[in-house]
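Trainee: Could you take me through one part of this chain up close? I'd like to start with a charged spot on the surface and then see what else is worth a look.

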Amino acid sequence: MERPEERVALIEWLDRDGHVQRGADVLRWPLSLGRALDNTVVLDDPHVAAHHAVLDLDAEGRLQLQALPSLNGVLLDGQAVAGCAALPPAEAVLQLGATRLRLRMRTAGEAAAALAPERALQRARPASGRRTLAAGLGVLALTLGETWLGLDPGADYSAWLPLMLGLPLALALWCGVWALLSKLFQHRFDFTGHLRIALPWLLAATLVDQLWPVLTAALALPALWMAGSALQSLLLVLMLHAHLRHTLPLHQRAVTVAVAAMAITGLGFTTALTWRGHDSLVATPYMSTLPMPALRVAGTVPSATLVEDMVPLARQLAQRVAEARKDEEEAGGSADDE
């Protein structure tokens with residue numbers, strides 16, 4: 001077994017994610033690479049030539065890379081090499097065919113400070129089964145209550161099947177897709193981890209969806225009602241952000257920037273659609289079912305105030321009717337011309 005002082009370099013095979021698959025000591029120069037058995041390092045890669053490249057010291061003792069004739073050439077830190085090229089003093093990444101190699105050179109006075117700092121290991125959070133179960137039961141109870149209020153009296157049990165089957169299947173599919181992404185990037189199928197993330201955020205979004213209109217109606221604050229959809233969208237964005245951070249723990253900043261960009265783009269798109277449909281940046285408050293009068297906290301409003309508030313509505317309706325008639329006349333004129 002070679003002693004550390006005999007090692008002049010270390011060559012590492014990298015996978016597509018940059019993880020080290022295996023390594024081998026380099027004890028002397030020159031170092032030849034290729035598929036032929038007379039090379040110092042034999043590469044089992046059909047895209048590599050029999051003798052693909054050579055690493056050797058020049059007259060001044062500097063390490064050089066010589067690219068030998070091949071179809072696919074050699075990349076040094078992402079740059080194509082024609083002929084010879086000097087290697088960096090500490091570390092270099094070589095691409096020969098489909099094989100990525102990292103060469104770590106031992107230099108005079110090498111210290112631990114030359115290495116990248118140690119990364120903290122992402123440890124799995126202890127499973128909080130009670131919190132996850134409570135969040136799941138909360139989502140189920142709220143959804144069942146909303147469905148029960150919306151069903152006609154005496155509805156058949158089959159009316160409950162879409163909820164009882166659809167909700168668990170949708171949640172399992174959502175967490176399953178994220179678990180597959182975790183398998184792709186972290187090599188572990190973390191279904192329970194993503195379930196632990198999804199349920200609390202889903203519970204918060206369900207609470208906002210069901211209770212926010214009732215709260216704003218009780219307080220008689222239409223502006224607060226308009227903020228409910230924005231709050232719900234924010235919760236969904238934060239849930240997406242939590243899933244991505246859990247999937248890509250080493251790219252926290254990039255994940256935050258990407259999610260923020262998607263949120264801003266979605267906000268602009270949604271605002272444009274709302275403006276097109278309502279001639280306003282926000283939709284007009286509307287509840288299909290009025291809350292119980294006992295829940296109203298704000299005081300009553302005189303009927304005359306209601307009539308005054310409906311005057312602009314009459315003008316808007318008249319304007320819409322005029323626009324619709326104009327469109328019909330233009331469409332009729334176009335048909336007659338044809």
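Mentor: Sure, let's start with Glu329, which counts as exposed because its relative accessibility is 61%, over the 50% cut-off for that label. Keep in mind that this is a predicted model. Glu329 sits in helix 6, which covers residues 303-337. It also has company: Glu323, Asp327, Glu328 and Glu330 join Glu329 in a negative surface patch.

Now step back along the chain to Thr300, in the loop that links helix 5 (252-278) to helix 6. Thr300 has a relative accessible area of 76%, so Thr300 is exposed too. If you're after a contact in space, try Ala220: 80 residues separate Ala220 and Thr300 along the chain, yet their C-alpha atoms are 9.6 Å apart.

For the strands, have a look at the open sheet. Five strands make up this sheet, in the order 4-3-5-6-9, and the pairing is mixed. Its edges are strand 4 (41-42) and strand 9 (84-86), each of which pairs on one side only. As a reminder, strands of a sheet pair through backbone hydrogen bonds, and they can do so parallel or antiparallel. Zoom in on the strand 4 end and you'll find strand 3 (residues 31-34) running parallel to strand 4, with 2 bridges joining them. To pick out a pair of residues there, put Gly34 on screen and look across to Val42 in strand 4, which stands opposite.

Conventions. Residues numbered from 1 in each chain as written. Predicted model: local features only at pLDDT ≥ 70, side-chain atom pairs only at ≥ 80, totals over all residues. Heavy atoms only, no water. Patch = residues over 30% accessible without salt bridge, like charges linked within 9 Å, V, L, I, M, F, W, Y side chains within 5 Å. Areas by Shrake-Rupley, 256 points an atom, 1.4 Å probe, with all protein chains shown as cover. Salt bridge = Lys/Arg side-chain N within 4 Å of Asp/Glu carboxyl O. Lys, Arg positive; Asp, Glu negative; His and termini not counted. Charge placed at Lys NZ, Arg CZ, Asp CG, Glu CD. Helix = DSSP H or I, 4+ residues; strand = E, 2+ residues; numbered from the N terminus. Buried < 20%, exposed > 50% of the residue type's maximum accessible area, 1.4 Å probe, protein only. Pairing = 2+ DSSP bridges.
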